[in-house]
Amino acid sequence: MAAELHPLCARCTKIVCYPTIMASEVPSLTEAPPFCPMKLFPGLIDKAIMEYDKAEVKEFARLASVQEFQCYERTEEGLRAKLPRIEELVQFADKCGYHKLGIAFCLGLRNEAGILTDILENKGFDVISVCCKSGATAKERIGIKPEQKIGGADSWESMCNPIVQAEILNAEAVDLAVMLGLCIGHDTLLIKYCRVPMTVLAVKDRVTGHNPLAALYLSQSPYYRRLLRKRGKTGA
Ligand code: SF4
């Protein structure tokens, strides 16, 4: 029996979803691999695309694509990217007419949160911020054992509290929540509980300066080769 197919865009070499054709032409699926989601889910894709018929959704998507366009410039040497994410954030918030921004940050990035606040205030936004430790709730509340506390078994340790962060940003009705450096899992809960529009400036990566892709880029070097090693195998 043939194995069930699932989308595997990351393994695709055809990329017929982004063809090099004229605007007047129609993309063809002929060369698409069997695992292409456009072959596996045509009805779902049609239905999902209909969401953009909602005026508010369409306008938001349009502004996001305009922002994407504005991140490039054509030079004699070709297309060049020109904006760091923080400037994109400012420009996109302007485009959307947002005034009140709410930063949900990790205590470990409080310096960065202060700088981000300065930047956004200097660009004219009203900025509020909520630290991950808000609530001052002991880690024991979620079942953490003494030996699982980072600072030692006898120390008080406030849990990270992304649900509190999300609910405060919801209550403050910020136009846009900005996630800054939350830990893995805590970020998942923030995303789950945020009911205001939310974007991510940075995720937590303690050893790469919060640049998780650095480890991927080094995965073929001796330093992070272990990432590509199959589980259970030893050696470089
Ligand atoms: S959508 Fe289809 S063509 Fe595009 S990357 Fe995925 S598998 Fe390839």
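**Salt bridges and the parallel sheet**

A salt bridge joins the side chains of E172 and K100, with 2.6 Å between N and O. E172 sits in the loop between α6 (162-171) and β5 (176-182), while K100 belongs to strand β3 (residues 100-105), so this pair ties together parts of the chain that lie 72 residues apart in sequence. Neither partner is tucked away: E172 comes out as partly exposed at 35% relative accessible area, and K100, at 24%, is partly exposed as well. With a cut-off of 20% for burial, K100 at 24% does not count as buried, because it falls in the partly exposed range. All of this comes from a predicted model.

The E172–K100 contact belongs to a wider set, as the count of salt bridges comes to 8. Another of them links E31 and K14, with an N to O distance of 3.9 Å. Both residues lie in the segment before α1 (37-40), so here the pair ties together parts 17 residues apart in sequence. That 3.9 Å distance makes the list because the limit for a salt bridge is 4 Å. As for accessibility, E31 is partly exposed at 49%, and K14 is partly exposed at 44%.

A salt bridge also turns up inside a helix, where R62 and E59 meet at 2.9 Å, N to O. These two are 3 residues apart in helix α3 (residues 55-70), which puts about one helical turn between them. R62 has a relative accessible area of 45% and counts as partly exposed; E59, at 34%, is partly exposed too.

Turning to the sheet, four strands line up in the order β4-β3-β5-β6, giving an open sheet with parallel pairing. The edges are taken by β4 (126-131) and β6 (198-203); each has a single partner strand, so one side of each is left without a neighbour in the sheet. From one strand to the next, the twist averages 20 degrees. The pairing of β5 with β6 is parallel and runs over 5 bridges. Within this part of the sheet, L182 stands opposite V203 in β6.

Helices pack against these strands. Helix α4 (residues 85-95) lies across β3, β5 and β6, and runs at about 170 degrees to β6. Helix α6 also packs on the sheet, where it touches β3, β4 and β5, and its direction makes about 155 degrees with that of β4. This brings the picture back to the opening salt bridge, since E172 lies in the loop between α6 and β5 and its partner K100 in β3.

Methods
Residues numbered from 1 in each chain as written. Predicted model: local features only at pLDDT ≥ 70, side-chain atom pairs only at ≥ 80, totals over all residues. Heavy atoms only, no water. Buried < 20%, exposed > 50% of the residue type's maximum accessible area, 1.4 Å probe, protein only. Pairing = 2+ DSSP bridges. Axes fitted to C-alpha atoms, helices over the stretch in contact; angles between N-to-C directions. Contact = heavy atoms within 4.5 Å.
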